[in-house]
Amino acid sequence: MKAFHIIRPDETIRPALIDKIDNLTKPKGSLGTLEELALQIGLIQQTLTPSLQYPQNIIFAADHGIVEEGVSLSPKEITWQQISNFLHGGAGVNFLCRQHGFTLKIVDAGVDYDLPYEKGIINMKVRKGTRSYLHEAAMTENEMELCLERGSEIVRRCYGEGSNVLSFGEMGIGNTSSSSLWMTCFTDIPLKQCVGAGSGLNNEGIRHKYEVLQQSLDNYKGDGSPYDIIRYFGGLEMVMAVGAMLQAAELKMVILVDGFIMTNCILAASKLYPEVLNYAIFGHCGDETGHKLVLDEIGVKPLLNLGLRLGEGTGAICAYPIVESAVRMINEMDNFAHASITKYF
């Protein structure tokens, strides 16, 4: 398997960061989560003056063979049609990128369609959609390796362009099914609690989705290792996101985690390299069944809870101003000594 060199941030600087944060002109702890974020980002960047540079949102797109089993309300062609919407600037993620100054990168990880790459889509296609894991592994070991490498390559490009903060999104009809299977396998939370409506299934649709996924689990004959679970039940875009997250952590970049699918991607990444979680900021808790459960299992506190379940990186980008506020706090607030203010706590 492709190897990543991910280390926990050096804790030596922690006391100095805490001292700086505590001596800003405010009662100790009064800026709550902003103080926690400033500390985390300072540790990631190993500096008392952290910065956020050239934020980018990377959308990985691919199709899923399991869709043929009727697990999604949306037809498969929505994947490529929505990519066209991204290109024209009309999707949810587009207005948020414009609002918050993010560059948008669209990556074809495995869409079952011949996309117009000349319009700016990055061609990293591994194959035209996964196989149906109801019957066989979604991808081969070689295909998984390609996904990990190509995801990491995209992040290296962003790093070379000057980025130190990235959010990740996805487009792939059927990917809540793969996420539910990763979730139950990696947390032991019962599958029924991991399966939700996806793009809008009714109760009967959710029941059918659960039955298909349960049968897929029953048919699984792999070795149960994290690598094998990721390969067997994953989506090409999801595994590419795992590779991207691991590369971002290796490069000591800030990772903004989006909704249910990307949360399960960072969960999967952490089963390969637990240290990756030190670099992750969780943007929001979405409306998809299971999202709060998996966030609680990881032991993290999301920044927002707005009832979002669009994906694409939208929740992570919505949360970005809070992250930016934390960095402005540690850099722009005065301290008691310099401002000649008596500590009042």
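Visitor: Which element gives the most residues to the lining of the largest pocket?
Guide: This is a predicted model, and its largest pocket has a volume of about 490 Å³. Two or more lining residues come from each of helix 3 (78–88), strand 4 (165–171), helix 6 and helix 11. With 3 residues, the one that gives the most is helix 6.

Visitor: Which residues lie closest to the centre of the largest pocket?
Guide: The volume of this pocket is about 490 Å³. It is lined by 33 residues, and the closest to its centre are Asn-175, Thr-176, Ser-199, Arg-309 and Leu-310.

Visitor: How many residues of the lining of the largest pocket are polar?
Guide: The lining of the largest pocket divides into three classes, with 11 nonpolar and 7 charged residues among them. The count for the polar class is 15.

Visitor: Which element gives the largest share of the lining of the second largest pocket?
Guide: The second largest pocket holds about 300 Å³ of space. Two elements, helix 2 (32–45) and strand 6 (280–282), give two or more residues to its lining. The largest share, 4 residues, comes from helix 2.

Visitor: How many nonpolar residues are in the lining of the second largest pocket?
Guide: This pocket is lined by 13 residues, and Gln-40, Ala-280, Phe-282, Val-300 and Lys-301 lie nearest its centre. By class, 3 lining residues are polar and 2 are charged. The nonpolar count is 8.

Visitor: In what order do the strands of the open sheet stand?
Guide: Strand 1 (residues 56–62) and strand 2 run parallel, joined by 7 bridges. Strand 2 is also joined to strand 3 (residues 122–123), by 2 bridges, and strand 4 to strand 5 (residues 254–257), by 3 bridges. The sheet has 6 strands with parallel pairing, in the order 3-2-1-4-5-6.

Visitor: Which strands stand at the edges of the sheet?
Guide: The order of the open sheet is 3-2-1-4-5-6. Two of its strands each have a single partner strand, so one side of each is left without a neighbour in the sheet. These are strand 3 and strand 6.

Visitor: What is the bridge partner of Ala-62 in strand 2?
Guide: Strand 2 (residues 103–110) is mostly covered, with 6 of its 8 residues buried. Toward strand 3, Val-107 has Ile-122 as its bridge partner. In strand 2, the partner of Ala-62 is Gly-110.

Visitor: How many of the 8 residues of helix 9 are buried?
Guide: Among the buried residues of helix 9 (residues 226–233) are Tyr-227, Arg-231 and Phe-233. What covers the buried residues includes helix 5 (141–160), helix 6 (175–187), helix 8 (203–219), helix 10 (236–250) and helix 11 (260–272). Helix 9 is largely enclosed by the rest of the structure, because the number of its 8 residues that are buried is 7.

Visitor: How many disulfides does a search of the whole structure find?
Guide: A disulfide needs two cysteine sulfur atoms within 2.5 Å. The sulfur of Cys-318 is 10 Å from the closest cysteine sulfur, in Cys-97, which is too far for a bond. Across the whole structure, the number found is 0.

Visitor: What is the relative accessible area of Cys-158?
Guide: Buried means under 20% relative accessible area. Cys-318 is partly exposed, with a value of 24%. Cys-158 is buried, and its relative accessible area is 0%.

How values were computed:
Residues are numbered from 1 along each chain as its sequence is written. This is a predicted model: local features need pLDDT of at least 70, side-chain atom pairs count only at pLDDT 80 or more; totals for chains, interfaces and linings use all residues. Side-chain values use heavy atoms; hydrogens and water are left out. Buried means under 20% relative accessible area, exposed over 50%, partly exposed in between (1.4 Å probe, protein chains only). Two strands pair if DSSP finds at least two bridges between them. Contact means heavy atoms within 4.5 Å. On a 1 Å grid over the protein atoms alone, a cavity is a set of points where a 1.4 Å probe fits but cannot get out, and a pocket is an open set with protein on both sides within 12 Å along at least five of seven lines; lining residues have an atom within 4 Å of a point. Grid points are joined across faces, edges and corners, and a volume is the space filled by probe spheres set on the points. Ala, Val, Leu, Ile, Met, Phe, Trp, Tyr, Cys and Pro count as nonpolar, Asp, Glu, Lys and Arg as charged, and the others, Gly among them, as polar.
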